[in-house]
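Dear colleague,

I am handing over the structure we spoke about, and below it you will find what came out of going through it. Please keep the sequence and the 3D view open while you read.

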Amino acid sequence: MASLKGLASALESYRGRDRLIRTLGYCCQLVGGVLVEQCPAKSDVGMRLLVLSAQLSHCRTVLRLFDDLAMFAYTKQYGLGTKEEDCFVRCVSILGNLADQLFYPCEHVAWAADAKILHVDAARWWALSTAFWGLSLLLGIARSLWVILKLSRRLRSPTVAFPRQPPCSKWRTLEAQIWSETLTLLSNLADLANAVHWLPPGVLWAGCFPPWLVGLLGTVSSILSVYQAVRARDNQADHQADTASS
């Protein structure tokens, strides 16, 4: 009952529904791709799963038509990152926000071109939106690697990091942060591999992945994202409980 309640609560939010749709879509692509390639007798089922995956992806594209304002509000709130202590983190975060902000209108134009609403070259706009997505992922990877490196150094000299906290508390805090950044890094790497695959032919491994591999990478990224969201929610609940008890 608790798990069902948690799922229902997650589905009440836009981000929760998006994570579920994303995970289901990539799972369908993974299973469908495997059935089409490895099980000729079940290729019809595989093709239906691939069609379902494409429809779920289209659903997410339509829902993202309304994300521009939320992204703009976040970018405006972050601004020049004056609250960030690290200059490198501040720079890559600003550039990442800019790439994310430009991604949305490019994808909207590509969607409108596919829907025959606008008479422009859809492939060009899809490539441009994918390039901005890939740039955002690259910046996120660079940020995670830098943060992991800095946290690892602090872990080796914990007295410098948190001089007023007990040693066990310091280590747990640092290890939790490193683990979180590592999961984000792995998720971004999986997504970046797919982003390059969707770029125009001739760019690195663009167009070389079979459907099942795209589905596998997307499923890994989606599961990591869901795990982090659940973990963050549980940590928040524990913190609220500790605050109430004190």
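Isoleucine 141 is a convenient place to begin in this predicted model, and, leaving aside residues up to four places away in sequence, isoleucine 141 touches Leu185, Asn188, Leu189 and Leu192. Three of these names are worth keeping in mind, since Ile141, Leu185 and Leu192 are among the 12 residues of the largest nonpolar core, which also includes Val89, Leu137, Val147, Ile148 and Leu151. Helix H6 (122–156) and helix H8 (167–197) each supply at least two residues of that core, and the largest share, 6 residues, comes from H8. There is also a second, separate core, with 6 residues, and among them are Ala193, Phe209, Val214 and Leu217. As background, nonpolar side chains tend to be buried together in soluble globular proteins.

For the chain as a whole, there are 9 helices and 0 strands, so you will read the pattern α-α-α-α-α-α-α-α-α along the sequence. Of the 246 residues, 34% count as buried, and among contacts with a separation of 6 or more, 62% are accounted for by residues 24 or more positions apart.

The next region to look at is helix H5, together with the residues at its two ends. H5 covers residues 87–114, 28 residues in total, and from its first C-alpha to its last it reaches 41 Å, which is close to the 40 Å expected at 1.5 Å a residue. What caps the N-terminal end of H5? Aspartate 86 does, with a side-chain oxygen 2.9 Å from the backbone nitrogen of phenylalanine 88, and a polar atom of the aspartate 86 side chain also lies 3.0 Å from the backbone nitrogen of valine 89, a residue that belongs to the largest nonpolar core. Aspartate 86 itself sits in the loop between helix H4 (68–78) and H5. Its relative accessibility is 14%, and because buried means under 20%, aspartate 86 counts as buried. Not counting residues up to four places away in sequence, aspartate 86 touches Trp146 and Lys150, and the side chains of aspartate 86 and tryptophan 146 are joined by a polar contact of 2.9 Å.

Just after H5 you will come to lysine 116, which takes a positive phi of about 65 degrees although lysine 116 is not a glycine. This deserves a second look, because most residues other than glycine have a negative phi. Lysine 116 is placed in the loop between H5 and H6, and is it buried or exposed? With 65% relative accessibility, lysine 116 counts as exposed, because the cut-off for exposed is over 50%. Leucine 204 also has a positive phi, near 50 degrees, and is likewise a residue other than glycine; leucine 204 is found in the loop between H8 and helix H9 (211–245), and at 67% relative accessibility leucine 204 counts as exposed.

A charged residue in another helix is also worth your time. Arginine 22 lies in helix H2 (residues 14–38), and arginine 22 is buried, with a relative accessible area of 14%. Which side chains make polar contacts with the side chain of arginine 22? One is that of aspartate 191, at 2.8 Å, and another is that of serine 222, also at 2.8 Å. With residues up to four places away in sequence left out, arginine 22 touches Arg60, Trp133, Asp191, Gly218, Ser221 and Ser222.

Finally, please look at the second largest pocket, which has a volume of about 400 Å³. The pocket is lined by 13 residues, and those that lie nearest its centre are Arg143, Val147, Leu151, Arg154 and Gln177; of these names, Val147 and Leu151 are also listed in the largest nonpolar core. H6 and H8 each supply at least two residues of the lining, while H6 gives the most, with 5 residues. Helices H6 and H8 therefore come up twice in this email, for the lining of this pocket and for the largest core.

With best wishes

Terms used
Residues numbered from 1 in each chain as written. Predicted model: local features only at pLDDT ≥ 70, side-chain atom pairs only at ≥ 80, totals over all residues. Heavy atoms only, no water. Helix = DSSP H or I, 4+ residues; strand = E, 2+ residues; numbered from the N terminus. Expected span 1.5 Å × (residues − 1). Polar contact = N/O pair within 3.5 Å; in protein donor to acceptor, adjacent residues only side chain to side chain. Core = buried A, V, L, I, M, F, W, Y, C linked by side-chain atoms within 4.5 Å. Buried < 20%, exposed > 50% of the residue type's maximum accessible area, 1.4 Å probe, protein only. Contact = heavy atoms within 4.5 Å. 1 Å grid on protein atoms, 1.4 Å probe; cavity = no way out; pocket = protein on both sides within 12 Å on 5 of 7 lines; lining within 4 Å. Points joined across faces, edges and corners; volume = space filled by probe spheres on them.
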